[in-house]
Amino acid sequence: MVQPLHPLHPVSDNSPTAGRLPSVLLLAGAGIGGLVVLGALALWFHYGSQVFFEMIRTGFAACF
C-alpha cells in the first residue's frame, strides 16, 4: 500500500538545540560581515579614499 507523502502530524524536534542553529548562523554571518566592514574602514583610513577605490577597481578588473 502506498504511504502518503506528507504525514498528518509533522514530526517535531523537541531537542534543546532545535532552534539554535539558525540563530547561530545568523550571528556568525553578522560577525563576519562586521569584520569585513571594519577591515574596509581600516584600509580606508590607512590608505585614503583614492587608493582604496583604486584597489577595489583593480580587483574587479582582475576578476572580470
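## A nonpolar surface patch

Patches here are made of residues with over 30% relative accessible area and no salt bridge, with nonpolar side chains (Val, Leu, Ile, Met, Phe, Trp, Tyr) joined within 5 Å and like charges within 9 Å. Leu35, Val37, Leu38, Leu41, Trp44, Phe45 and Phe53 build a nonpolar patch of this kind on the surface, together offering about 770 Å² of accessible area (Shrake-Rupley method, 1.4 Å probe, with only the protein chains shown counting as cover for residues).

Do keep in mind that this is a predicted model, where local features need pLDDT of at least 70, side-chain atom pairs count only at pLDDT 80 or more, and totals for chains, interfaces and linings use all residues. Residues are numbered from 1 along each chain as its sequence is written, and side-chain values use heavy atoms, leaving out hydrogens and water.

Helix α1 (residues 20-47) gives the most to the patch, with six residues; helices are DSSP runs of H or I, at least four residues, numbered from the N terminus. Val37 sits in this helix and counts as partly exposed because its relative accessibility is 49% (buried is under 20%, exposed over 50%, partly exposed in between, with a 1.4 Å probe and protein chains only).

## One salt bridge

The structure holds one salt bridge, meaning a side-chain nitrogen of Lys or Arg within 4 Å of a carboxyl oxygen of Asp or Glu. Glu54 pairs with Arg57, and their closest N and O atoms are 2.6 Å apart. These two are three residues apart in helix α2 (residues 49-63), so about one helical turn separates them. Glu54 is partly exposed at 34%, while Arg57 is exposed at 52%.
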